[in-house]
Amino acid sequence: MSDLPFLPFALPEIGEDEINEVVDTLRSGWVTTGPKAKRFEQDFAAFLGEPQIECIAVNSATAGLHLALEACGIGPGDEVITTTHTFTATAEVVRYLGADVVLVDIDPATLNIDPKLVEAAITPRTKCIIPVHYAGLAVDMIAILDIARKHGLRVVEDAAHALPTTLERELIGTMGSDATVFSFYANKTMTTGEGGMLVTRNAELAKRARVMRLHGMSRDAFDRFTSKVPSWYYEIVAPGFKYNLTDIAAAMGIHQLRRVRAFQARRAELAQRYLEVLAELPVVLPPQAPEGDMHSWHLFVIQLKDSAGLGRDAFVQKLYEAGIGCSVHYVPLHLHPYWRDRYQLRVEQFPHSQYAFERMVSLPIYSLMTVADVDRVAAAIRRALGFSQ
Ligand SMILES: *Cc1c(COP(=O)(O)O)cnc(C)c1O
């Protein structure tokens, strides 16, 4: 047992600027989607280095993925290809639209979706690919976009882990897919409590997503209430959703976004320390971004080698006893009853995801941690694996 306080698996870093902006919003008289959400969208476009790119703030990444697929026209009879090695939100949105999910395995070197398997899974019904930048390491988007172009498919990126992540020095969000969706859930690389951002260069897609974000209304509430002319009138053009981000949440987002590069720098420093102090242990270390590129380090996932002589579950238990929170990302979709039964999935179809799942552990990594915290985690790992201090 450790005398140190428990080290949580994840914690948000929320500063006085976020708090003051939320208070300002509360005092302003406008608490739902309005000027702060608009500013957050503009700031996000500027962050991506493209003031003209369309950024649509939503109340979760799940909502953003749903809107993106809906705007791509995905529906019953269509197939959408994604990775089994992800959170269920990536795939559930396909089912919301009555389309079918086709799961493929990962590349064991990156834990990201394997483009070769994507191409092999294409059928005449395939309409879309959803790559997931797992842990914050960019998917090979060159290969994915190539396959999509060749077969006339749409691409919606699940970038819930990938702010900020680069591929060939370009930020994820600017790769040229149909849409990219970021998450601001509490444990992501920046947070608004709950929230997300849909990013696209396609004006038609953006228009549809904006309408469907708010009930299928032709004009949003802020436009109507702040118009100089009486403007109670609106039209419903589709049975839309309730996916708008509140100004209270956007107030946090404006300031979190300003700090997201500093957060990444801290995470990268912690990751470097982990890579050094775990180097001699019987664990597979996570893949790094190529030289010159950025890994968001949303997750730091190790895999226990069989020579570690200790199973994953016992390992997690020992770390908890040492006062250290860790987690597993994720139970792959092919093991969940819904996905397994719906598509009669077998473990043998996903050997690499299965192999990684059985051995993997996500270690704590977030901007409020110090290098000393990493050293404490490493010491607990050494003890758990039977190495002396
Ligand atoms: C967190 C997460 C989501 C969902 O994000 P929300 O903002 O909670 O809806 C989707 N995909 C992946 C890979 C995630 O980790």
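In the predicted model, P164 lies in the loop that runs between β5 (154-158) and β6 (166-167), and the peptide bond leading into this proline from L163 adopts the cis form, with omega near -10°. A second cis peptide bond, in this case with omega near 0°, joins H329 to Y330; Y330 belongs to the loop between α10 (312-321) and α11 (337-342). A further backbone feature concerns L111, which has a positive phi of about 65° although this residue is not a glycine. L111 is likewise placed in a loop, here the one between β3 (100-104) and α5 (115-120).

At the level of the whole chain, the model is divided into domain 1, spanning residues 16-258, and domain 2, spanning residues 260-384. The C-alpha centres of domain 1 and domain 2 are separated by 26 Å, and the contact between the two draws on 42 residues from domain 1 and 38 residues from domain 2. The size of an interface is often expressed as the accessible area that is lost when the parts come together. By this description, domain 1 and domain 2 bury about 3300 Å² between them, with 59% of that area falling on carbon and sulfur atoms.

The ligand is surrounded by 16 residues, of which T62, D158, H161, S183 and K188 are the closest. When the residues of this shell are sorted by character, seven are nonpolar, seven are polar and two are charged. Two of the closest residues also supply polar side-chain atoms at short computed distances from the ligand: an N or O atom in the side chain of D158 is found 2.7 Å from a nitrogen atom of the ligand, while a polar side-chain atom of H161 is found 2.7 Å from a ligand oxygen atom. The backbone also takes part in the surroundings of the ligand, as a backbone N or O atom of A61 is placed 2.9 Å from an oxygen atom of the ligand. Of the 380 Å² of accessible area that the ligand has on its own, the protein covers 93%. With regard to secondary structure, the elements that contribute two or more residues to the shell around the ligand are α3 (61-71) and α4 (89-96).

Notes: Residues numbered from 1 in each chain as written. Predicted model: local features only at pLDDT ≥ 70, side-chain atom pairs only at ≥ 80, totals over all residues. Heavy atoms only, no water. Near = heavy atom within 4 Å. Polar contact = N/O pair within 3.5 Å; in protein donor to acceptor, adjacent residues only side chain to side chain. Areas by Shrake-Rupley, 256 points an atom, 1.4 Å probe, with all protein chains shown as cover. Helix = DSSP H or I, 4+ residues; strand = E, 2+ residues; numbered from the N terminus. Nonpolar A, V, L, I, M, F, W, Y, C, P; charged D, E, K, R; others polar. Domains from an automatic or database assignment. Contact = heavy atoms within 4.5 Å. Buried area = accessible area lost by both parts, 1.4 Å probe.
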